[in-house]
Amino acid sequence: MKTILFGAASALLLAATAFASPAGQVFEVTETHAEYTVAFDAEGGYLIETGEGAATGSWTLEEGVLCLTAADTGQTRCAPWSDLDVGQSDITTDWAEDGSAITITRIE
């Protein structure tokens, strides 16, 4: 479960050159075997909510690279950040543990 939740947060790190902050944004993430939401707050925290529970962590954005640190493990992953408009989706395989496609949709 922890791997799925941290992988979920990492799935939001889409390759692009946009530097917009994710603060106040919420995303729905759909993987092969899981669906969840990830919300970013203005204080640098994130919350992942699944049907099985929740996980938290912190985020930073520097020079277009978003880094996520899981609160429970301290593990950090970083990648270029791409801002999406509300209702816009992207598909990536970069962050799935098994290389499968993940659909990310900004819902707020």
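# Reading Thr 30 and its strands

User: Leaving aside neighbours within four places in sequence, which residues is Thr 30 in contact with?

Analyst: Contact means heavy atoms within 4.5 Å. Outside its neighbours within four places in sequence, Thr 30 is in contact with Glu 35, Ala 101, Ile 102 and Thr 103. This is a predicted model: local features need pLDDT of at least 70, side-chain atom pairs count only at pLDDT 80 or more, and totals for chains, interfaces and linings use all residues. Residues are numbered from 1 along each chain as its sequence is written, and side-chain values use heavy atoms, with hydrogens and water left out.

User: Where does Thr 30 lie?

Analyst: Helices (H or I, at least four residues) and strands (E, at least two) are DSSP runs, numbered from the N terminus. Thr 30 lies in strand 1. Its C-alpha is 6.6 Å from that of Ile 104, though 74 residues separate the two in sequence.

User: Is Thr 30 buried, partly exposed or exposed?

Analyst: Buried means under 20% relative accessible area, exposed over 50%, and partly exposed in between (1.4 Å probe, protein chains only). Thr 30 counts as partly exposed because its relative accessibility is 29%.

User: What about Ile 91?

Analyst: Ile 91 has a relative accessible area of 57%, so it is exposed. It lies in strand 7, residues 89–92. Beyond residues up to four places away in sequence, Ile 91 touches Ala 101, Ile 102 and Thr 103. Thr 30 also contacts Ala 101, Ile 102 and Thr 103. Ile 91 and Thr 30 are 61 residues apart in sequence, with their C-alpha atoms 9.5 Å apart.

User: How many bridges join strand 1 to strand 2?

Analyst: Two strands pair if DSSP finds at least two bridges between them. Strand 1 (residues 26–30) and strand 2 run antiparallel, joined by 5 bridges. Val 29 stands opposite Tyr 36 in strand 2. The two strands form a hairpin, with 4 residues between them.

User: Which residues make up the covered face of strand 2, and which the uncovered one?

Analyst: Strand 2 spans residues 35–40. Tyr 36, Val 38 and Phe 40 form the covered face. Glu 35, Thr 37 and Ala 39 form the uncovered one.

User: How many bridges join strand 2 to strand 3?

Analyst: There are 4, and the strands run antiparallel. Phe 40 stands opposite Tyr 46 in strand 3. Strands 2 and 3 form a hairpin with 4 residues between them. Gly 44 in the turn has a positive phi of about 95°.

User: How many helices and strands does the chain have?

Analyst: The chain has 1 helix and 8 strands. Of its 108 residues, 41% count as buried.
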